[in-house]
Amino acid sequence: MEIPKSEVFQNIFYEHYPIVRRKLVALVRDEAAADDLAQDVFLRLYRNPPDDPAAIGAWLHRVLTRIGYDYMDKKARERRLQNKQELFYDQGPASPSGEEAMLRKLDQEDVREWLEELPERDRQALLLRYSGYSYAEIAGELGVRPPVVGTLLHRATAKLRQHATGAQS
């Protein structure tokens, strides 16, 4: 079925399209979407024109406003859904199972025991380093020169590793 061309419709389209499009751009703040929505407005006009041809401007304004708000509601729903999905997927790893938590606790207890076997200065150096202290801060806390801290940490790590491998054998 071919749609007949109507000279009256064409005149209305050419006269009102720039106004309808401009109002839609101002409403939805997206030119591409406003173009599509303006086409929807004139498609509705073509399919179901108002009863009073003198009120065409008011009819177009009412329809473009309704279509614009429907579009914005749709976009808001899409954003809310996307935010919910991002929250759901960005929650990070699931909480550990009971078995994993128990193994982690046992590992922590083993490390504490191995640390207790180290000399006090080595233990303090390792704990300070893994608590985020800089070499200069560790040197200040332990009362040593900053260049010594690297050697101290290396030796303490080696001793800790030795205790760990000795305990596992």
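In which helix is His 16 found? His 16 sits in helix H1, where helices are DSSP runs of H or I with at least four residues, numbered from the N terminus.

Before going further, a word on the model. This is a predicted model, in which local features need pLDDT of at least 70 and side-chain atom pairs count only at pLDDT 80 or more, while totals for chains, interfaces and linings use all residues. Residues are numbered from 1 along each chain as its sequence is written, and side-chain values use heavy atoms, with hydrogens and water left out.

The score pLDDT is the predictor's confidence in each residue, from 0 to 100. The protein chain averages 86, and 92% of the residues score at least 70. Among the chain's elements, helix H2 (residues 31-47) has the highest mean pLDDT, 94, and helix H4 (residues 98-116) the lowest, 79. As a rule, where pLDDT is low, the predicted coordinates should not be read in detail.

Back to His 16. His 16 counts as buried because its relative accessibility is 13%; buried means under 20% relative accessible area, exposed over 50%, and partly exposed in between, using a 1.4 Å probe and protein chains only. Leaving aside residues up to four places away in sequence, His 16 touches Phe 42, Ile 56, Gly 57 and Leu 60. Contact here means heavy atoms within 4.5 Å.

Here is how His 16 lines up with some other residues:

| Residue | Relative accessibility | Class |
|---|---|---|
| His 16 | 13% | buried |
| His 61 | 39% | partly exposed |
| Ser 95 | 65% | exposed |
| Arg 29 | 70% | exposed |

Where do these others sit? His 61 lies in helix H3, and its C-alpha atom is 11 Å from that of Arg 22, with the two positions 39 residues apart along the chain. Ser 95 belongs to the loop between H3 and H4. The C-alpha atoms of Ser 95 and Leu 152 are 37 Å apart, and the two residues are 57 residues apart along the chain. Arg 29 is in the loop between H1 and H2. Arg 29 has a positive phi of about 60°, though it is not a glycine. Most residues other than glycine have a negative phi.

Now for the helix pairs. H1 (residues 7-28) and H3 (residues 56-89) have axes that come within 10 Å and cross at roughly 35°. Axes are lines fitted to C-alpha atoms, for helices over the stretch in contact, and angles run from 0 to 180 degrees between N-to-C directions. This crossing is right-handed, which is the name used if the near helix is turned clockwise from the far one by less than a right angle; anticlockwise would be left-handed. Among the residues making the contact are His 16, Val 20 and Leu 24 of H1 and Leu 60, His 61 and Leu 64 of H3. The contact has 11 nonpolar, 5 polar and 1 charged residues. Ala, Val, Leu, Ile, Met, Phe, Trp, Tyr, Cys and Pro count as nonpolar, Asp, Glu, Lys and Arg as charged, and the others, Gly among them, as polar.

H3 has 34 residues, so at 1.5 Å a residue it should span 50 Å, and its end C-alpha atoms are 49 Å apart, which agrees. The expected span is 1.5 Å times one less than the number of residues. Buried residues in H3 include Ile 56, Trp 59, Leu 60 and Tyr 71, and what covers the buried residues of H3 includes H1 and H2.

Conventions
Helices (H or I, at least four residues) and strands (E, at least two) are DSSP runs, numbered from the N terminus.
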